[in-house]
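These are my notes from one pass through a structure. I list what I looked up, in the order in which I wrote it down.

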Amino acid sequence: MHRLNPSLLPSHLDPLLAHGFHPLSLKKALGIVLDKPDKPSYNSPSFKVIVLLRTLSKILESMVASRLSAQVTTCSLIDPLQCGSLPGRYTADAALVLPHNVESFHPLRYRVTTLFLDVKGGFDNMESPFLLNLLHSKGVSPSLVQWVGSFLRDRTCHLMFQGSSYTFAPVSLGVPQGSPISLLLFVIYFSSLHLEIPRSLIISYIGHFAVTVASPSYRTNVPLLQKSFSSLKRKASPINISLSVPKTELIQWGTARSNQSLCSLLVQLEDRLFYPESRLRWPGFIFTPSFDLRCHFSRRYTLANAPW
């Protein structure tokens, strides 16, 4: 359609953006219910919903995502250490920044520990009033803020599974994961979780966080990580975000002079104990405590197509 008449779609969609309006007819979505794979039991809800949106709506959402991305830097919408979800910010950047910053502590003879955390159900629990206030306070153009509010308001979804009736139910919370703009809104929403904590660093990609602390001893790092986790949890609770404690992983980095970490101290978060991993995967890279900066992709990359 666009190739045949390049002026048709912009002439219809631009006025919607100018007035900050998303048509009600484009807010109906179909939700495909799929079981999560490799679950030991499906007695409790263990499924994910893939949201199918109308094509014309996704075109409009892509236009808004492009315009909002242009204001990310000027309005300081996300933290510099948030990676992914934006042109020029790749998921792999998070894995490259992490060892660089770990190494920066070694001249001070500090011991370094990193806690890897995941956001639990972030897309489903986002609250539009907080998001809209955040966009407004950061100086995003009023028409974009108004459109985002219109996009998130009065949404309906029909869950499709065997035996379901064809009825649409209202959706008052969260953003549809299949939308071209949802990922950007998501990282803006939890940007406040990049706390400034002494002798620590928080790096993230999408909903995954790496909290790194440094001190003269690994034993001192344990309470520092527990305190950082508590601070993140307190910051996340008012905006309806929770951290998935079972998915947490821990690594004790070796020093610059040693080939491996000699520390086996564990960290207790809530009622769970986490032991240092000898090998873990984070944004496509494999990390080990030996502080080998030649981290390996779990997927095939060549220098010709590597994002950096």
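**Entry 1: Ile206.** I began with Ile206, which counts as buried because its relative accessibility is 18%, and the cut-off for buried is under 20%. I placed Ile206 in the loop between strand S7 (200-205) and strand S8 (208-215). I then read its backbone: phi of Ile206 is near 55 degrees, a positive value in a residue other than glycine. I note here that the model is predicted, so every value in these entries is computed from predicted coordinates.

**Entry 2: Asn240.** I found a positive phi at Asn240 too, about 65 degrees, although Asn240 is not a glycine. I located Asn240 in the loop between H8 and strand S9 (242-243). Is Asn240 buried or partly exposed? I get a relative accessible area of 30% for Asn240, so I enter it as partly exposed.

**Entry 3: overall counts.** I stepped back to the whole protein. I count eight helices and 15 strands in its secondary structure. The protein has 308 residues, and 43% of them count as buried. I also looked at contacts between residues at least 6 apart in sequence, and 68% of these join residues at least 24 apart.

**Entry 4: salt bridges.** How many salt bridges does a search of the whole structure find? I get two.

I looked up the pair Arg67 and Asp14, whose side chains meet in a salt bridge at 3.1 Å, N to O. This pair links distant parts of the chain, with Arg67 in helix H2 (residues 55-69) and Asp14 in helix H1 (residues 8-18), 53 residues apart. I enter Arg67 as partly exposed because its relative accessibility is 39%. Asp14 has a relative accessible area of 31%, so I enter Asp14 as partly exposed as well.

I then turned to Glu270 and Lys233, whose side chains meet in a salt bridge at 2.6 Å, N to O. This pair also links distant parts of the chain: Glu270 is in the loop between strand S11 (267-269) and strand S12 (272-274), Lys233 is in helix H8 (residues 218-236), and the two are 37 residues apart. I have Glu270 at a relative accessible area of 43%, so Glu270 is partly exposed. Lys233 is at 41% relative accessibility and therefore counts as partly exposed.

**Entry 5: helix H1.** I returned to H1 to list its buried residues, which are Leu9, Leu13, Leu16 and Leu17. Seen down the axis of H1, these residues fall within an arc of 95 degrees, so they line one face of the helix. What do the buried residues of H1 pack against? I find H2 and helix H6 (142-152). I recall that H2 also holds Arg67, the salt-bridge partner of Asp14 in H1. After H1 comes Gly20, and I read a positive phi there, near 60 degrees.

**Entry 6: a sheet.** I traced an open sheet of four strands in the order S2-S1-S5-S6, with mixed pairing. Its edge strands are strand S2 (47-52) and strand S6 (169-171), each of which pairs on one side only. I have an average twist of 40 degrees from one strand to the next. I then checked the pairing of strand S1 (residues 28-35) with strand S5 (residues 155-160): the two run parallel and are joined by five bridges. I noted one of the partners, Leu159 in S5, which bridges to Gly31.

**Entry 7: cysteines.** I searched for disulfides, and the count is zero. I looked up Cys83, which is buried because its relative accessible area is 8%. I have Cys157 at 15%, so Cys157 is buried too.

**Entry 8: Ser191.** Where is Ser191 placed? I find it in the loop between helix H7 (182-189) and S7. Ser191 has 12% relative accessibility, so I enter Ser191 as buried. Leaving out residues up to four places away in sequence, I list its contacts as Leu77, Ile78, Asp79, Gln82 and Leu134. I computed the separation for Ile78: it is 113 residues from Ser191 in sequence, and the C-alpha to C-alpha distance is 5.3 Å.

Note on methods: Residues are numbered from 1 along each chain as its sequence is written. This is a predicted model: local features need pLDDT of at least 70, side-chain atom pairs count only at pLDDT 80 or more; totals for chains, interfaces and linings use all residues. Side-chain values use heavy atoms; hydrogens and water are left out. A salt bridge is a side-chain nitrogen of Lys or Arg within 4 Å of a carboxyl oxygen of Asp or Glu. Buried means under 20% relative accessible area, exposed over 50%, partly exposed in between (1.4 Å probe, protein chains only). A disulfide is a pair of cysteine sulfur atoms within 2.5 Å. Two strands pair if DSSP finds at least two bridges between them. Axes are lines fitted to C-alpha atoms, for helices over the stretch in contact, and angles run from 0 to 180 degrees between N-to-C directions. The arc is that of the directions from the helix axis to the C-beta atoms. Contact means heavy atoms within 4.5 Å.
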